[in-house]
Amino acid sequence: MIEVRYERGVHLPRQDLWLDPRDARRFAFVSHAHSDHIAPHKEIVVSERTARLMQSRLPGSRTEYILPFGEKRTVRGVDLMLLPAGHIFGSAQCFLFAGNETLLYTGDFKLRPGRSAEPAEWRKADTLIMETTFGLSRYRFPPTEQVINQIIAFCQETIDDGGVPVLLGYSLGKAQEILCSLDGAGLTPMLHGSVYRMTRIYEQFGQSFCKYLRYNPNDVFGKVLICPPSANHSHMLEKIARKRVAMISGWAVDPNAIYRYQVDAAFALSDHADYNDLLRYVEFVQPRRVLTLHGFAASFARDLRERGTEAWALSEENQMEFTLPQIPARPSVATSDAGRCTEEGCASTSEFLAFANVGEAIAATPAKLEKIRLLADYLRGLTREHLRIATPYFTGKAFAQSDPRTLHAGWAVIFRAMQAATKVSDEEFHRIASSHGDAGKTAFEVLDGRTTPQPFSISETGELFENLHRARGPIAKAELLRNRFSRLSAREGQYIVKILTGDLRIGLREGLVEEAIAKAFGVPVEQVKEANMLLGDIGQTALLASRNELDRAELSIFRPIKCMLATPEPTAEAVWERFTEVAGTDRELASSASATVYLEDKFDGIRAQLHRSTQQVEIFSRDLRRITGQFPEVVDQACNFQEELIIDGEIIAFEKGRALTFFDLQKRLGRRSDGADLFARAAADVPVAFVIFDLLWLNGRSLLKTPLHQRRRYLSSVQLPPHFQIARVMPAHSAAEIEQTFQQARQRLNEGLMIKDPGSFYLPGNRGMFWFKLKKELATLDVVVVGAEFGHGKRNNVLSDYTFAVRDETTGKLSPIGKAYSGLTDAEIAELTEHFKQNTIEDHGRYREVKPDVILEVAFNSIQPSPRHASGLALRFPRIKAIRRDKNVDSIDTLQYARELAAQRASSSASLP
DNA sequence: TGTGCCTGCCC
DNA sequence: ATTCTGC
DNA sequence: GCAGAATGGGCAGGCACA
């Protein structure tokens with residue numbers, strides 16, 4: 001890390017560069033021209049505007065290195081670049097390059113767009129040295145427009161009363177900002193001499209202002225005086241009998257500001273970033289280390305550390321420019337009626353509690369339409385910003401679907417955080433957890449009465465999830481959560497946990513959320529669904545719907561399209577029936593002798609959608625995640641297509657003309673895609689092929705509403721680079737043909753068969769009646785249940801999850817081989833629950849070892865070696881076919897038989913048709 | 001440095 | 001992935 | 001028929017800890 005020291009200014013010893021030193025130095029960067037930042041240095045790095053202002057305030061000769069914004073320069077052997085800081089006219093940040101390392105020094109800055117300062121810009125940097133003047137959470141400024149309106153109203157009222165409004169602000173920067181703010185308000189500003197001089201310099205750089213006057217003591221009535229704070233109680237002002245004085249400063253947020261400044265009013269218009277913007281800035285810059293300066297430097301650094309970012313105060317200088325009385329902690333909801341709040345802009349009740357209550361109401365009704373109505377009412381009442389943030393929460397997601405950020409906060413982290421927040425004992429916690437079998441309910445009971453609730457705004461929920469994402473490691477994440485849980489009501493905690501676990505479990509998912517959006521804003525649900533698919537962001541979709549701008553979401557290349565899915569069917573006859581049963585309705589191909597369906601082998605790989613233009617290639621997974629980086633050699637070859645296209649298909653492990661197993665392919669999934677050596681590694685192991693089975697976009701034209709047979713025709717004319725194949729289409733006209741082709745596909749060791757309607761459009765995200773899949777179990781095993789476990793959610797009171805075993809002939813013992821729940825009806829589960837409760841050998845709480853007397857017939861798609869179970873084998877897609885009441889534990893299948901099945905599978909590999 | 005646990009994401 | 005259930 | 005809920009195996013990566 002770049003070495004940083006502090007001695008009345010930041011010093012970088014390696015570069016021998018000082019940043020805003022208070023004392024005269026040989027070589028210094030001067031961020032802006034406020035008088036506490038300028039000193040008679042020998043050589044300075046400055047922006048052009050700051051240089052000009054500095055000359056006016058501190059005459060004398062020195063060497064100036066004047067740098068334009070955004071251009072990298074070398075000065076005295078140091079590589080650096082200036083970026084606008086948004087603080088005042090000409091204010092700059094210094095971005096420094098030192099080998100592979102970067103450092104960003106903000107100087108004074110703000111993110112809110114000012115009217116007289118260049119808007120701030122930033123770059124990612126390893127070290128961020130930032131000013132934290134307002135680094136305390138109470139300093140959150142109300143919207144600028146609102147403050148300006150208050151200032152204008154203050155001036156107007158004073159003039160109407162026959163008085164003179166006086167606005168106090170620093171002569172450089174703040175005064176000009178005030179001047180700009182009054183533009184168009186019908187007021188005539190009159191400037192104090194020092195303000196006037198600075199304003200003239202601004203004008204020389206081309207900044208224009210509304211009409212203003214220089215101070216004239218005989219002409220003040222009906223004008224707005226703009227003076228520096230030092231002019232308060234000065235001779236000049238004392239002469240004005242009827243006046244009202246307002247301080248314009250970020251410190252106005254403090255409720256007692258008017259007493260401290262001895263003014264009639266105070267308005268929070270600041271040239272510094274407020275607390276929220278300080279946090280945002282850290283997020284923008286994504287530094288590995290933050291060093292804080294000025295104001296609440298130590299406190300803010302502590303806050304950052306709590307959020308998982310390494311941060312330290314550079315100086316232990318006085319925490320404030322003014323001595324502030326301690327403000328008592330905000331009263332909690334628990335002890336006061338509604339979470340009273342003294343800060344401006346703070347809601348009187350907790351916004352997130354309102355969210356949670358809506359969730360509870362939705363959970364309480366089983367009727368879909370009622371759920372939709374409840375949600376629609378809630379969404380309609382949200383501000384646009386809150387709509388954007390909170391809508392994804394109803395789908396159980398903290399971020400938009402297309403947002404690749406993850407939280408890495410699962411049950412273990414939540415558990416640790418709740419326990420730390422409530423000091424609940426281990427036993428008590430486990431008692432509560434096992435009584436619910438539901439993370440959310442557990443959270444409610446654990447937190448209830450053990451926290452000090454404070455209002456939690458929707459914006460703060462957004463910050464919480466962002467911080468959680470940014471925090472590195474389970475310990476930091478748990479600490480972040482603990483901190484929040486301790487300030488949440490139990491209900492809010494429950495819903496935070498629900499979102500963290502990705503599942504609200506209130507009987508409402510994305511589909512109903514889309515319907516609610518449509519209902520809330522009176523737009524067609526189809527349009528909402530389409531926009532959501534294209535945007536991959538239900539919050540953004542809701543926002544567009546609220547503005548009636550859904551049509552702005554357009555299908556385009558490089559925006560992933562939801563996959564069309566297939567409905568499973570057990571037999572060829574069942575599939576064929578699907579195509580014939582609708583005869584006479586609108587499916588023209590069906591029932592006639594010429595009825596045709598398209599058959600394709602079902603490959604066992606991962607679904608992939610590849611977008612290719614002349615400039616770019618992207619690959620997306622079934623869940624629309626970007627997996628481009630996982631398959632560099634595919635991307636490489638995709639450049640060699642002649643067309644711009646979007647293709648749908650399956651990436652399979654493939655070597656020497658033969659398909660390998662999914663197991664092989666999986667080794668290439670989940671790899672970090674930004675590793676420099678990935679290409680070499682990926683190319684070195686499992687090779688892959690892209691089997692194309694659909695074409696969704698060709699040379700600028702969407703083919704979604706083109707029938708499959710036509711899409712296939714276009715596809716067949718596309719020239720394929722290496723690594724790409726087209727899945728063969730086999731027409732069929734009967735159930736028998738389907739069955740025959742299915743058997744052939746199985747012989748080729750592919751998973752099964754896809755059966756598609758040649759006339760169908762591509763229906764994104766639809767598991768409709770146009771595509772079917774035919775898969776059959778590899779085999780079934782008769783096994784005996786040796787363990788039973790309580791389920792979750794609505795299954796939390798039944799033993800629904802069974803561990804089962806085969807017999808090892810060599811030892812005669814039972815050898816566990818898998819677990820399954822799916823396949824039994826609720827009634828059967830209830831029956832088995834009773835049975836196992838009465839036949840428990842050992843009770844381990846949620847898990848029970850049971851007497852091995854229930855025989856299940858278990859189906860599965862493959863079997864392979866695995867350390868997961870004691871048998872050394874594991875099943876893929878295990879499901880219960882039947883309870884074999886006719887069998888007993890002596891007639892179950894053997895481990896040896898299971899091993900044979902596994903060996904058969906391993907000895908051969910699949911092939912293309 | 002190796003191992004185990006947790007999480008996310010494939011099926 | 002698979003399967004069942006309620007609307 | 002659809003949407004929701006509850007459940008399976010297994011991989012890579014990242015962290016914590018020995």
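This note reviews the contacts of a predicted model with two DNA strands, and then one of its pockets.

1. Surroundings of DNA strand B. The protein places 18 residues around DNA strand B, and the closest are His-408, Gly-410, Ala-412, Gly-605 and Arg-607. By class, this surface holds eight nonpolar, six polar and four charged residues.

2. Elements facing DNA strand B. At least two residues of the surface near DNA strand B come from each of α12 (411–422), β22 (606–612) and α23 (662–666). The element that gives the most is α12, with three residues.

3. Which parts of DNA strand B lie within 4 Å of the protein? Sugar or phosphate accounts for 91% of these atoms, and bases for the rest. Two contacts to phosphate oxygens may be noted. A backbone N or O atom of Arg-607 lies 2.9 Å from one such oxygen of DNA strand B, whereas Arg-625 brings a polar side-chain atom to 3.4 Å from a phosphate oxygen of that strand.

4. Surroundings of DNA strand D. There are 38 residues around DNA strand D, and Gly-507, Arg-509, Phe-663, Arg-672 and Asp-801 come nearest. Of the atoms of DNA strand D that come within 4 Å of the protein, 89% belong to sugar and phosphate. The surface near DNA strand D divides into eleven nonpolar, twelve polar and 15 charged residues.

5. Contacts and elements at DNA strand D. The side chain of Arg-505 has an N or O atom 2.7 Å from a phosphate oxygen of DNA strand D. For Arg-578, the corresponding distance from a side-chain N or O atom to a phosphate oxygen of the strand is 3.0 Å. Elements that give two or more residues to this surface include α16 (474–485), α18 (510–521) and β33 (799–807).

6. Gln-666 and the bases. What does the side chain of Gln-666 approach on DNA strand B? A polar side-chain atom of Gln-666 lies 3.3 Å from a base oxygen of DNA strand B. On DNA strand D, a base nitrogen is 3.1 Å from a polar side-chain atom of Gln-666.

7. The second largest pocket. This pocket encloses about 1,200 Å³ of space. Its lining has 38 residues, and those nearest the centre are Glu-514, Lys-562, Pro-764, Gly-765 and Asn-766. The lining comprises 15 nonpolar, nine polar and 14 charged residues. The largest share, five residues, is supplied by α19.

8. Why does the second largest pocket lie between domain 3 and domain 4? It does so because domain 3 (351–521) and domain 4 (565–582 + 595–666 + 685–774) both give residues to its lining.

Terms used. Residues numbered from 1 in each chain as written. Chains lettered and ligands numbered in written order. Predicted model: local features only at pLDDT ≥ 70, side-chain atom pairs only at ≥ 80, totals over all residues. Heavy atoms only, no water. Near = heavy atom within 4 Å. Polar contact = N/O pair within 3.5 Å; in protein donor to acceptor, adjacent residues only side chain to side chain. Helix = DSSP H or I, 4+ residues; strand = E, 2+ residues; numbered from the N terminus. Nonpolar A, V, L, I, M, F, W, Y, C, P; charged D, E, K, R; others polar. 1 Å grid on protein atoms, 1.4 Å probe; cavity = no way out; pocket = protein on both sides within 12 Å on 5 of 7 lines; lining within 4 Å. Points joined across faces, edges and corners; volume = space filled by probe spheres on them. Domains from an automatic or database assignment.
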